[in-house]
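Thanks for coming, everyone. I'll keep this brief. Please have a look at the model first.

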Amino acid sequence: MSEIASLPTGSRVRQGSNIGQPLTRRDGLLKVTGRATYAADNNPEGVLHAVVATAAIARGRVAHLDVAAAKAHPDVVEVMTPDNRPPLALDPDAKLHPFMFRMDLLQNDRVRYAGQPIAVVIAKTLEAASEGAMLLAPRYEAEAVDVGLDGESFVPDAVGPGAPAEAESGDFDTAFAGSPKTIEATYETPPQYHNAMEPHSIVASWDGDSVSIDMPTQGLAMAVGRVAGLFGIPAENIHIRSPFLGGGFGSKGMPAGPQMLGIIAAKMVGAPVKLVLSRQQMYGPVSHRGQTRQTLRLGVAEDGRLTAMEHLTLAPTSRFDDFIEPSSNASHSLYAAPAIRTSHKAVRIDIGTPGFMRAPGEASGSAALEGVIDEAAFAAGMDPLEFRLLNYAEVEPISGKPFSSKALRECYEKGAESFGWARRSFEPRSMRDKDGRLVGWGVGTALFPAVMFQAQARAAIRADGSGLMETGAHDMGQGAWTALHQIAADGLGLSMEETEFRAGSSDLPDAGIAGGSGHTATAGLALHKAGEDVIAKLTELAVNDERSPLYGAGNVGVVARNGRLVRQDDESRGEGYGDILKRAGLSEIEGHGEGARDPSAAESHAMYAHGAVFAEVSVDPDLCQMRVTRLVGAFAAGRVINPRMVESQYYGGMIWGISFALQEEAVHDKRSGRIMNANLAEYHVPVNADVPSLETILIHEDDPHVNALGVKGAGEIGITGTAGAIANAVWHATGKRTRRFPITLADLIG
Ligand code: MOS
């Protein structure tokens, strides 16, 4: 923790005005100099290495493992299998709440997907553990597998984290039947894997009934809860450090099964154990975005107004759990159709359970929705942007609620202006560059709900006038520590340097989950409130002390500024924090805050971040090779705490949109159920050469409803809208409407 506490704070700024400053990352220097310690960098005394052996079949049972051969290896210490795995206090298949994903923790010899852990080999070295895992030479009884979407489907109880699978406003059937124009199209999106640079890893050491853990996680408190449940120990016995993550993208939201196996292994051998997944092992047991087949039907009036909209999603879940990609939800909020119907159906197939991956639902759902909206615009003879503006939702269509704020119109305007959209030709295949390549321009609308979880924070002001703020927040690379530190410093009326900010440990107050793009809003609100609380307590001390220049100032009001409390009506009258505490004989004064959505605001308003993405592609007319040559994204996500971090989130999201549109796809072998490209050589993601110069435009929004800070969330919205904008640009360039992602040469040739 000492290294974390002494992180450099980036640029120096004026006190009390840290929010809104484009500070560089606090942890940037540590990262570029290799001093940032990730979980797998920890090497406690006597650490042993564990390697997971994984199933090569997708369904059946493990008939034999050559445990004797593995144990005969001189450096292998133990082989953990279903036969000798220590008992757990909770069945790994128990599901006590929707966020609790079922795990494969060697509970039996069944294989439920390719890549499932079937044994763990613990050895003195990583090499020996790897060799031991190979020596197990499993024999299987394999059963027939299904990894497609054509099996029997069912309506799940809920989608995503507990949203209803079906929703309707108005009467879709009647409205659609009475529409002068109708559009129907089916879009498909592939399975995608998070592929964080840092594999899922863990270093665990037991001391009696207490366990000390280093692991990357987006949810420290959730992880503590899972460990407590599995091992039947109290939460205070569990200490998890997660100062840095090499990316999470949702896959580290809930602890992964293999990480729990590392803890079990450490208990079994009575020594610290390190377990790190290989790249290939990240395709299976650590969740992914499931494929989807989405059918949309739109009714359009003569004037181009939408009359009816239906969005059906068919998506897989595993044989043993229930998460599906909730794509249809993207159609609840974007376009003003008087009748909307959305639904989801699930199919059980032989895969690891899908889960949260970067804008779960909205990313894949908007890819399909933005395509079909583009189809409708063309059928109506309208410019795609004009069509979107005509069907602009002034209230949330599915619920009728007003938006807490919505500057989407400004996003469209500013984005279009910067992109030069007015020069777009209407007909597809009508624009070329100077080299004769086909050029296409497309637009997509971006949207993501402004989610909040629950968080706590602790604040202290010390007798030396400095401050401390604590919350167990997670920096996955998105810059949360920097942005939260800014909120913390402003909450105390101090500079960044005067405010010590601690995060990244389960020993600190629960910061909620770093997911749903809600971390800054949630943990930030907790910090803000903790600041208010400690300043209020300090004010109490001062205004009731007749030796203070603030004595009796309670009625006129006191503000905290530059490390001083001053009278609101006369800022020259006041005193420093340290003086107040010293006179009271206190070494510090403490405050607490909680961050959560106000339920009445949530009841009365729909809360979303919005954006508009404009894409240009260039396509070789003979070879059909596609390049994204320009992307402009304008986003409105409430108040921006740190424009540099937020811009960087949008860049990342838009690059992921390029990836979604043109590159990413996990390919299953239909016979074996195995993923054929479980590596970064064949699972394509963009490199710099695939990324054009990107432009982001930050549109300011004042939102009095989302939370006291006015923060919505910027993490995931960039991927939404972008894939659709690129696909629409490909259509505009070539005249070929592709309805399957990623778009490949094969879709365009012929
Ligand atoms: Mo995100 S998919 O909530 O990390």
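**A strand and its partners**

Strand β17, residues 438-449, pairs with β25 in the antiparallel sense, over 12 bridges. Keep in mind that this is a predicted model. Within that pairing, leucine 447 stands opposite histidine 610 of β25.

Now the other partner. Strand β26 covers residues 626-636, and 10 bridges join it to β25. These two also run antiparallel. Here alanine 612 of β25 faces alanine 634 in β26. β25 and β26 form a hairpin with six residues between the strands. In that hairpin, cysteine 624 takes a positive phi near 65 degrees.

So, is β25 enclosed or open? Strand β25 spans residues 608-619, and 12 of the 12 are buried, so the rest of the structure largely encloses it. Look at the two faces. Tyr608, His610, Ala612, Phe614, Glu616 and Ser618 point one way. Ala609, Gly611, Val613, Ala615, Val617 and Val619 point the other way. All of them are buried. That includes Glu616 and His610.

Next, the cores. The largest nonpolar core has 89 residues. Those with the most contacts inside it are Leu306, Phe387, Phe614, Leu631, Ile726 and Phe741. Phe614 we have just met, on β25. Take leucine 306. Leaving out residues up to four places away in sequence, leucine 306 touches Leu298, Gly299, Val300, Tyr335, Ala336, Ala337, Pro338, Ile373, Phe387 and Asn391. Apart from the largest core lies another, of 42 residues. Among its members are Met80, Leu88, Leu220 and Ile240.

On to two helices. Helix α11 runs over residues 480-492, which is 13 residues. From first C-alpha to last, α11 reaches 18 Å. That is close to the 18 Å expected at 1.5 Å a residue. How many of its residues are buried? For α11, 13 of 13, and the helix is mostly covered. Just after α11 comes glycine 493, with a positive phi of about 65 degrees.

The other helix is α8, residues 362-379, and serine 366 lies in it. Why does serine 366 count as buried? Because its relative accessibility is 4%, and the cut-off for buried is under 20%. What is serine 366 in contact with? Setting aside neighbours within four places in sequence, serine 366 contacts Ala330, Gly361, Thr720 and Gly721.

That's my tour. Happy to take questions.

Note on methods:
Residues are numbered from 1 along each chain as its sequence is written. This is a predicted model: local features need pLDDT of at least 70, side-chain atom pairs count only at pLDDT 80 or more; totals for chains, interfaces and linings use all residues. Side-chain values use heavy atoms; hydrogens and water are left out. A nonpolar core is a set of buried Ala, Val, Leu, Ile, Met, Phe, Trp, Tyr and Cys residues joined through side-chain atoms within 4.5 Å. Buried means under 20% relative accessible area, exposed over 50%, partly exposed in between (1.4 Å probe, protein chains only). Contact means heavy atoms within 4.5 Å. Helices (H or I, at least four residues) and strands (E, at least two) are DSSP runs, numbered from the N terminus. Two strands pair if DSSP finds at least two bridges between them. The expected span of a helix is 1.5 Å times one less than its number of residues.
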